[in-house]
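This report describes one protein chain and the ligand bound to it. Please look at the sequence and the structure before reading on.

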Amino acid sequence: DKKKSLEGKTVLITAGPTYEAIDPVRFIGNHSSGKMGFSLAEEAAKRGAKVILISGPSSLKSTHQNIDLHRVTSAKEMLNKVFEYYDTIDIGIASAAVADYAPKVVASEKIKKNEDTFSIELIKNPDILKTMGEKKSHQFLVGFALETQNEEENAKGKLAKKNLDMIVLNSLRDEGAGFKNDTNKIKIFTKTEKLEFDLKSKENVAKDILDCIETQLLK
Ligand code: PMT
């Protein structure tokens, strides 16, 4: 039997949205389904990797025996779970759409509708991927950038600022890209290269991303 290309590697993947509680009933969230992250997890597992998949609320299930799935709700829970494993991983891929802000205070009871206007004070969440970049030693780190304008410039900025080895750009200006869809259209940037891909199923996008990671690891 041919040795599988990611055998012996441990890959950590974040997926899905995070939900930040407002009260026991409501939360702040986003449209991520988890599909991109779960597709990456399935493909990495098929290639022989041990996969740690840390997902925010998603209706998707993982089936492959190489995938160790941890379900979390908020950004803080995702951060804590990532750092339970961070020292042991070879590759980290951050495909989660993490809420940048969370309510400063979570109401313990359901908030009543009394006033005509109502404000919630938000406080910055930890940046999970940036923290991974700051603590990077041997890990190969891959981020995503979900953009709506100045896409390439923003993606390259995140590559540098978060101390990444690679970043995957998807733009909401491209039809069929980003969340909700079963397809995505990506560009990949390393410190020196730029690769552009066609619109594809997220399963095939996951293959392109992992091919690219494997090529980089061989350099
Ligand atoms: O789940 P799907 O419906 O399949 O959709 C897939 C996707 C569109 C969510 C995915 O392809 C994607 O783009 N994920 C990243 C979304 C995002 O939040 O991008 P960003 O540009 O805001 O963040 C940049 C990077 O930092 C990302 O790798 C993100 O995971 C990470 N981040 C951001 C904020 C934060 N507090 N912690 C983080 O780790």
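## Loops, helices and the ligand shell

Asn 163 sits in the loop between α4 and β10 (166-171). Helices (H or I, at least four residues) and strands (E, at least two) are DSSP runs, numbered from the N terminus. The model is a predicted one: local features need pLDDT of at least 70, side-chain atom pairs count only at pLDDT 80 or more, and totals for chains, interfaces and linings use all residues. Residue numbers start from 1 along each chain, as its sequence is written.

Asn 163 has a positive phi of about 60 degrees although it is not a glycine. Asn 150 also has a positive phi without being glycine, with a value near 40 degrees. Asn 150 lies in the loop between β9 and α4 (151-161).

How far a residue is covered is judged by counting C-beta atoms, which are placed from the backbone: a residue is buried if 20 or more other C-beta atoms lie within 10 Å of its own, exposed if 12 or fewer, and partly exposed in between. The table gives the count for several residues.

| Residue | C-beta neighbours within 10 Å | Class |
|---|---|---|
| Asn 150 | 9 C-beta atoms | exposed |
| Asn 163 | 15 C-beta atoms | partly exposed |
| Lys 110 | 11 C-beta atoms | exposed |
| Leu 129 | 26 C-beta atoms | buried |
| Val 25 | 10 C-beta atoms | exposed |

### The ligand and the recorded positions

Which residues come nearest to the ligand? Of the 27 residues around the ligand, these are Ser 33, Lys 35, Ile 128, Leu 129 and Phe 179. A residue is near a molecule or strand if its C-beta atom, placed from the backbone, lies within 6 Å of it. The shell around the ligand holds twelve nonpolar, ten polar and five charged residues. In this sorting, Ala, Val, Leu, Ile, Met, Phe, Trp, Tyr, Cys and Pro count as nonpolar, Asp, Glu, Lys and Arg as charged, and the others, Gly among them, as polar.

At least two residues of the shell come from each of α1 (35-46), α3 (128-134) and β9 (140-147). β9 gives the most, with four residues.

An unreviewed UniProt entry lists Asp 100, Lys 110, Pro 126, Asp 127, Ile 128, Leu 129, Phe 144, Lys 158 and Lys 162 under "binding site". These positions do not all gather at one spot, because they span 63 residues in sequence and the farthest two C-alpha atoms are 37.6 Å apart. UniProt positions are given in the numbering used here, feature names are shortened, and annotations may be inferred rather than shown by experiment.

Two of the listed residues can be followed further. Leu 129 belongs to helix α3. Leaving out residues up to four places away in sequence, Leu 129 touches Ala 94, Gly 143 and Lys 162. Two residues are in contact if their C-beta atoms, placed from the backbone, lie within 7 Å. Lys 110 is in the loop between β7 (101-103) and β8 (122-124). Beyond its neighbours within four places in sequence, Lys 110 is in contact with Asp 23, Pro 24 and Val 25. Val 25, in turn, is in the loop between β2 (20-21) and β3 (27-28). The C-alpha atoms of Val 25 and Asp 198 are separated by 41 Å, and the two residues are 173 residues apart along the chain.

### Three helices

How many of the twelve residues of α1 are buried? Eleven are, so α1 is largely enclosed by the rest of the structure. The buried residues of α1 pack against β1 (10-15), β4 (50-55), β5 (67-71), β6 (91-94), β11 (183-184) and α5. After α1 comes Gly 48, whose phi is positive, near 95 degrees.

In helix α2 (residues 75-85), the residues Ala 75, Met 78, Leu 79 and Val 82 are buried. Seen down the axis of α2, its buried residues fall within an arc of 100 degrees, so they line one face of the helix. The arc is that of the directions from the helix axis to the C-beta atoms. An α-helix has 3.6 residues a turn, so residues three or four places apart point the same way. The cover over the buried residues of α2 includes β1, β2, β4, β7 and α3.

The buried residues of α5 are Lys 202, Val 205, Ala 206, Ile 209, Leu 210 and Ile 213. Viewed down the axis of α5, its buried residues fall within an arc of 130 degrees, so they too line one face of the helix. Thr 215 and Leu 218, on the other side of α5, are exposed.
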